[in-house]
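Q: Hi, could you walk me through this one? I'd like to look at the surface and then the aromatics.

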Amino acid sequence: MSFFKKLKEKFVQEPMEKAIEESMEKKEEKGPVTPEPEETVEEAELLEGETEVQEAEEALEEPDLPNEPDAEAQQPESEEETQPKEANIASKFKMGLTKTRNSFTSKINDLVARYRTVDEDFFEELEEVLISADVGVNAVMEMIDELEMEVKRRNIKDTQQVKEVISEKLVELYYGDEDKGAVEELQTNTDGLTIYLFVGVNGVGKTTTIGKLAHQLKSEGKKVTLAAGDTFRAGAIDQLDEWGKRAGVHVIKHSEGSDPAAVIYDGIQSAKSKQADVLICDTAGRLQNKVNLMNELSKVKRVIEREVPGAPHEVLLVLDATTGQNAMSQAKTFSEATDVSGIVLTKLDGTAKGGIVLAIRNELEIPVKLVGLGEKVSDLETFDAHAFVYGLFADMIEEQTEEE
């Protein structure tokens, strides 16, 4: 089976078929709907008159009470809840990667249209296309070498067939020698409090990401506490506090300029006393003085390790996808300052250079754990390289399956 067909089946056909089956099962469980007997005009008028008299009598007997919203109106069933998870993820990655796909796919299609055979010139131009998508020079060189070998091995002559091989190699480039089916979920502590430490420069969407994650964890039934450890940036504490109110979670905060380690310590004690499941810690994002940053993060981490052995369970570096290669230099700096275990890539929907995901994974060997695919609270998604490649090649995949 072709790689494009596998992606189509995994993210579109199977989930949608499953949804149809579940819908049919629900209808069968409910049984046939018995139609109500039709009323005559005279019966309807008589019934209406009786209802008016009854309402008038009830109004005299009962005091006025505030109208309560209908239970169904309070909890509308969203489309996201009714759709199967895999189909939902596929549609989110497809929508979120629209800018990258439009740029990347158009260049690939243009390249394929101009070359009838796969030769050295074709690979040279393909190299430029991949670099322009911010896949990273080292990653591109490695990928082109493997692509040339694969094309020779399969004896591919037609440039149209190369599209599919490119998509396969992008997934392999991300996962390397690891299990290609694995999706890197956030680590959790099964024996008690889970602590996530967020790091990153100002303006990358760190506080917003913390708020979105808190909201999602709360909706999963987890008890969440936030610690406002960014005491350096003006307004950071108030911003996190506002997100705490929106998500309905407790926020531990001190005054501006306080010792961040003290805030985190109080956050841990509060989370323990309230028997919280997760504590999410914000930190300052200044890079002007790297020595101060490293000392501050080291101190915060020591406090966490002392109070909760084995924590933090994730050190998540938040990067802005729209900054491209600049995000790479930030990642290197923070990796030196603390042991970053995962990347959160925000604003992926706002860039045409989504290939930065692959560059980070390939050059820094740090997995991308979460990606921001929009502005809504629900647009923070666990990263899946297969769903990423589907989003990148969705148009091509649909074209090919239509032809078949």
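A: Happy to! Keep in mind that this is a predicted model. Let's start with Glu128, which counts as exposed because its relative accessibility is 56%, over the 50% cut-off.

Q: Nice. Where is Glu128 found?

A: Glu128 is part of helix α7, which covers residues 120-132.

Q: And which residues form the negative surface patch?

A: Glu128 is one of them, and Glu120, Asp121 and Glu124 complete the patch.

Q: OK, what about a nonpolar patch on the surface?

A: Ile131, Val137 and Met141 form one, and together they have about 240 Å² of accessible area. Val137 lies in helix α8, residues 137-154.

Q: How does Val137 count for accessibility?

A: Val137 counts as partly exposed, because its relative accessibility is 48%.

Q: Switching to aromatics: how many aromatic pairs does a search of the whole structure find?

A: That search turns up six aromatic pairs. Among them, Phe104 and Phe393 meet edge-to-face, at 5.8 Å centre to centre with 85° between the planes.

Q: Which parts of the chain does that pair link?

A: Distant ones: Phe104 sits in helix α6 (residues 98-114) and Phe393 in helix α16 (residues 385-403), 289 residues apart.

Q: Are those two buried or exposed?

A: Phe104 counts as buried because its relative accessibility is 4%, and Phe393 counts as buried too, at 0%.

Q: Last one: which residues form an aromatic cluster?

A: Phe93, Tyr174, Phe383 and Phe388 come together in one aromatic cluster.

How values were computed
Residues are numbered from 1 along each chain as its sequence is written. This is a predicted model: local features need pLDDT of at least 70, side-chain atom pairs count only at pLDDT 80 or more; totals for chains, interfaces and linings use all residues. Side-chain values use heavy atoms; hydrogens and water are left out. Patches are made of residues with over 30% relative accessible area and no salt bridge: like charges are joined within 9 Å, nonpolar side chains (Val, Leu, Ile, Met, Phe, Trp, Tyr) within 5 Å. Accessible areas come from the Shrake-Rupley method with a 1.4 Å probe; for residues, only the protein chains shown count as cover. A salt bridge is a side-chain nitrogen of Lys or Arg within 4 Å of a carboxyl oxygen of Asp or Glu. Lys and Arg count as positive and Asp and Glu as negative; His and the chain ends are not counted. The place of a charge is taken as NZ of Lys, CZ of Arg, CG of Asp or CD of Glu. Helices (H or I, at least four residues) and strands (E, at least two) are DSSP runs, numbered from the N terminus. Buried means under 20% relative accessible area, exposed over 50%, partly exposed in between (1.4 Å probe, protein chains only). Rings of Phe, Tyr and Trp (its six-membered ring) pair if their centres lie within 6.5 Å; planes under 30 degrees apart count as stacked, over 60 as edge-to-face and the rest as tilted.
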